[in-house]
Amino acid sequence: FVSSWIKSSSEDYTRAYFDGAFSYNARDVDAIEGTTRFLPFIASVLMNPNYQKLTLLSEKNIPLEEMFMLSIVNGTDPNSTGYWGEVSDYSQLICEGADVALAVWIARERIITKLSAEQKSYLLIWLKKCASKKTVDNNWHLFRQTILSVLSSISSEESIDNSSYERIKDFYVG
């Protein structure tokens with residue numbers, strides 16, 4: 001899985017251009033999703049105690065951890081050409097934000113301290129934008145709640161808005 005992501009990734013690791021049919025979204029959104037959906041898996045690989053024994057390198061001989069970091073840093077930096085973009089109400093980027101948040105949380109022990117203050121700020125700002133937008137009234141509340149939970153664990157946020165969690169509980173039928 002990781003090899004296919006590396007092979008399909010853009011130079012800044014913010015997008016993966018997989019073969020196959022496109023979704024109803026623009027090609028760029030599909031490519032962003034091609035990366036963000038892989039990030040939690042890559043974070044799990046990075047956290048594997050045997051990771052150091054794995055030789056997962058790109059053709060440029062960049063270690064997987066660095067590719068992971070570049071993806072997150074370039075994707076959330078509004079000054080980067082790989083920026084994932086401004087998030088609007090009902091944006092597909094809200095879904096992608098949940099995967100980015102989950103990946104950061106899984107690998108937090110390896111990556112949070114390696115982010116500069118500016119990089120961490122860009123990450124937190126982008127995730128906050130994802131969590132602050134309106135979502136469809138369905139399972140998308142899970143995306144928002146995931147982001148908010150991760151933000152509260154990696155930043156100085158003291159409390160989180162649990163309205164999405166309360167709405168999720170309303171869907172429970174037994």
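A residue counts as buried when its relative accessible area is under 20%, and that definition will be needed at several stops of this tour, which goes through a predicted model.

**Stop 1: the whole chain**

Begin with the whole protein in a cartoon view, where you can follow nine helices and zero strands, so that the pattern read along the sequence is α-α-α-α-α-α-α-α-α. The C-alpha atoms fill a box of roughly 50 × 40 × 40 Å when it is taken along the principal axes. A compact globule of 174 residues would have a radius of gyration near 16 Å, and because the protein has 16 Å, the value agrees with that expectation. If you colour the residues by burial, the buried ones make up 48% of the 174 residues. Among contacts with a separation of 6 or more, 62% are accounted for by residues 24 or more positions apart.

**Stop 2: helix α2**

Now select residues 27–36, which form helix α2, and look for D30, A31, I32, G34, T35 and T36, which are buried. What covers these buried residues of α2? The cover includes α1, α3, α4 and α5, so it is useful to show those helices together with α2.

**Stop 3: the largest nonpolar core**

Next, show the side chains of W5, L64, F68 and W126, which have the most contacts inside the largest nonpolar core, a set of 46 residues. At least two residues of this core are supplied by each of α1 (2–8), α3 (39–47), α4 (64–76), α5 (92–106), α7 (117–132) and α8 (140–154). Which helix gives the largest share of the core? That share, eight residues, comes from α5.

**Stop 4: where α3 meets α4**

Keep α3 and α4 on the screen and hide the other helices for a moment. Two packed helices are described by the angle between their axes and by the distance between the axes. For α3 and α4, the axes come within 10 Å and cross at roughly 145°, and the crossing is left-handed. To see which residues make the contact, select L39, I42, A43, V45 and L46 in α3, which meet L64, E65, F68, S71 and I72 in α4. Sorted by class, this contact of α3 with α4 has eight nonpolar, one polar and one charged residues.

**Stop 5: S71**

From that contact, centre the view on S71, which is found in helix α4. Is S71 buried or exposed? S71 has a relative accessible area of 0%, and because this is under the 20% cut-off, the residue is buried. Leaving aside residues up to four places away in sequence, S71 touches D12, Y13, T14, T35, L39 and W84. Two of these names have appeared on the tour already: T35 is one of the buried residues of α2, and L39 is one of the α3 residues that meet α4.

**Stop 6: two tyrosines in loops**

Finally, go from S71 to Y13, one of the residues that S71 touches, and then on to Y90. Y13 has its place in the loop between α1 and α2, while Y90 has its place in the loop between α4 and α5. Y13 has a positive phi of about 65° although it is not a glycine, and the phi of Y90, also a residue other than glycine, is a positive value near 65°. Their burial is worth checking in turn: Y13 is buried, with a relative accessible area of 4%, whereas Y90 is partly exposed, with a relative accessible area of 47%.

Methods: Residues are numbered from 1 along each chain as its sequence is written. This is a predicted model: local features need pLDDT of at least 70, side-chain atom pairs count only at pLDDT 80 or more; totals for chains, interfaces and linings use all residues. Side-chain values use heavy atoms; hydrogens and water are left out. A nonpolar core is a set of buried Ala, Val, Leu, Ile, Met, Phe, Trp, Tyr and Cys residues joined through side-chain atoms within 4.5 Å. Buried means under 20% relative accessible area, exposed over 50%, partly exposed in between (1.4 Å probe, protein chains only). Helices (H or I, at least four residues) and strands (E, at least two) are DSSP runs, numbered from the N terminus. Axes are lines fitted to C-alpha atoms, for helices over the stretch in contact, and angles run from 0 to 180 degrees between N-to-C directions. A crossing is left-handed if the near helix is turned anticlockwise from the far one by less than a right angle, and right-handed if clockwise. Contact means heavy atoms within 4.5 Å. Ala, Val, Leu, Ile, Met, Phe, Trp, Tyr, Cys and Pro count as nonpolar, Asp, Glu, Lys and Arg as charged, and the others, Gly among them, as polar. The radius of gyration is taken over C-alpha atoms; the globule rule is 2.2 Å times the number of residues to the power 0.38.
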